[in-house]
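Reader: I should be grateful for a close look at one strand residue and its surroundings in this model. Please begin with the terms required, and then place the residue in the context of the whole chain.

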Amino acid sequence: EVLRESARLLLGLPRPVFLVSLPGRPGLTFAHCAGQPPLLQRFEISLDQSLSLPCQALQLQQPTSSFTTSAETAPSLIDIQLTRLLGSQGLLCIPMWAEPQSGGVMVFGLSREQYACKQRVLESMVGFARLAAGCLESFRSLQQRDQRVTADLTRQFEQKARKVIHEAV
């Protein structure tokens, strides 16, 4: 939610959403944030669907947009659904990359006029996406560490409880 609000304030686009890598399988899902359309929470995109703009952005590691695709290329069903869900004319997808794994994709719903204005600051948007990926990776690492600590404390507590029960019996 913090990244979403930061992107909205810094980049001046009203509807940023974040797609993050699915754990253990090749795909993207939406990060759960307050204020997003409820349908996004059930949305998953397989990376096999390379025609979708978010997948192209992630695989090519460069921004993609529905405003720069050729007229002969029909938009994918996923792109049409995302555009409608975001209530916009098109999409701008910026990859977020964090080593050792991909962080995901920032997706903005925007109009043709907004896209033309954002062309001047696209490099800054890419820089923000890199920082966002690092933040997400740090957050994931902290969550994993907390889970390990909790599991270790639970295991220790169970061992002590067994010892007390054994001595009581």
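Author: A strand here is a DSSP run of E of at least two residues, and strands are numbered from the N terminus. With that term fixed, the residue to examine is Gly 104, which is found in strand β6. The model is a predicted one, and its mean pLDDT is 79, with 85% of the residues of the chain reaching 70 or more.

Gly 104 is buried, and its relative accessible area is 0%. Once neighbours within four places in sequence are set aside, Gly 104 is in contact with Leu 19, Val 20, Leu 28, Leu 58, Pro 95 and Met 96. One of these partners, Leu 28, is 76 residues from Gly 104 in sequence, yet the two C-alpha atoms are 7.1 Å apart in space. For the chain as a whole, 57% of the contacts between residues at least 6 apart in sequence join residues at least 24 apart.

The partner Met 96 leads to the largest nonpolar core, which has 23 residues. Met 96 is listed with Leu 92, Ile 94, Met 106, Phe 108 and Met 125 as the residues having the most contacts inside this core. The elements giving two or more residues to the core are α1, β1 (16–21), β5 (90–98), β6 (101–110) and α5 (122–168). Helix α5 provides the largest share, 8 residues. The partner Leu 58 belongs instead to another core, which lies apart from the largest one and has 18 residues, including Ile 45, Leu 58, Ile 78 and Leu 82. In soluble globular proteins, nonpolar side chains tend to be buried together.

Beyond strand β6, the loop between β6 and α4 (112–118) holds Ser 111. Ser 111 is buried as well, with a relative accessible area of 16%. Its contacts, leaving aside neighbours within four places in sequence, are with Phe 67 and Gln 89.

Two helices may be considered alongside these cores. In helix α1 (residues 2–11), the buried residues are Leu 3, Arg 4, Ala 7 and Leu 11. These residues lie on the same side of α1, because they cover an arc of only 105° around the axis. The face turned away from that buried side carries Val 2 and Leu 9, which are exposed. Gly 12, just after α1, takes a positive phi of about 70°. Some caution applies to this helix: α1 has the lowest mean pLDDT among the elements of the chain, 74, whereas strand β4 (residues 64–65) has the highest, 88.

Helix α3 (residues 77–85) buries Ile 78, Asp 79, Leu 82 and Thr 83. Their directions span an arc of only 135° around the axis, so they fall on the same side of α3. Of these, Ile 78 and Leu 82 are among the residues of the 18-residue core. On the other side of α3, Leu 77 and Arg 84 are exposed. Just after this helix, Gly 87 has a positive phi of about 60°.

The wider setting may now be given. The chain contains 5 helices and 6 strands, arranged along the sequence in the pattern α-β-β-β-α-β-α-β-β-α-α. Of its 169 residues, 40% count as buried. The chain exposes about 10300 Å², and carbon and sulfur atoms supply 57% of that area.

How values were computed
Residues numbered from 1 in each chain as written. Predicted model: local features only at pLDDT ≥ 70, side-chain atom pairs only at ≥ 80, totals over all residues. Heavy atoms only, no water. Buried < 20%, exposed > 50% of the residue type's maximum accessible area, 1.4 Å probe, protein only. Helix = DSSP H or I, 4+ residues; strand = E, 2+ residues; numbered from the N terminus. Arc of directions from axis to C-beta. Core = buried A, V, L, I, M, F, W, Y, C linked by side-chain atoms within 4.5 Å. Contact = heavy atoms within 4.5 Å. Areas by Shrake-Rupley, 256 points an atom, 1.4 Å probe, with all protein chains shown as cover. pLDDT = per-residue confidence, 0-100.
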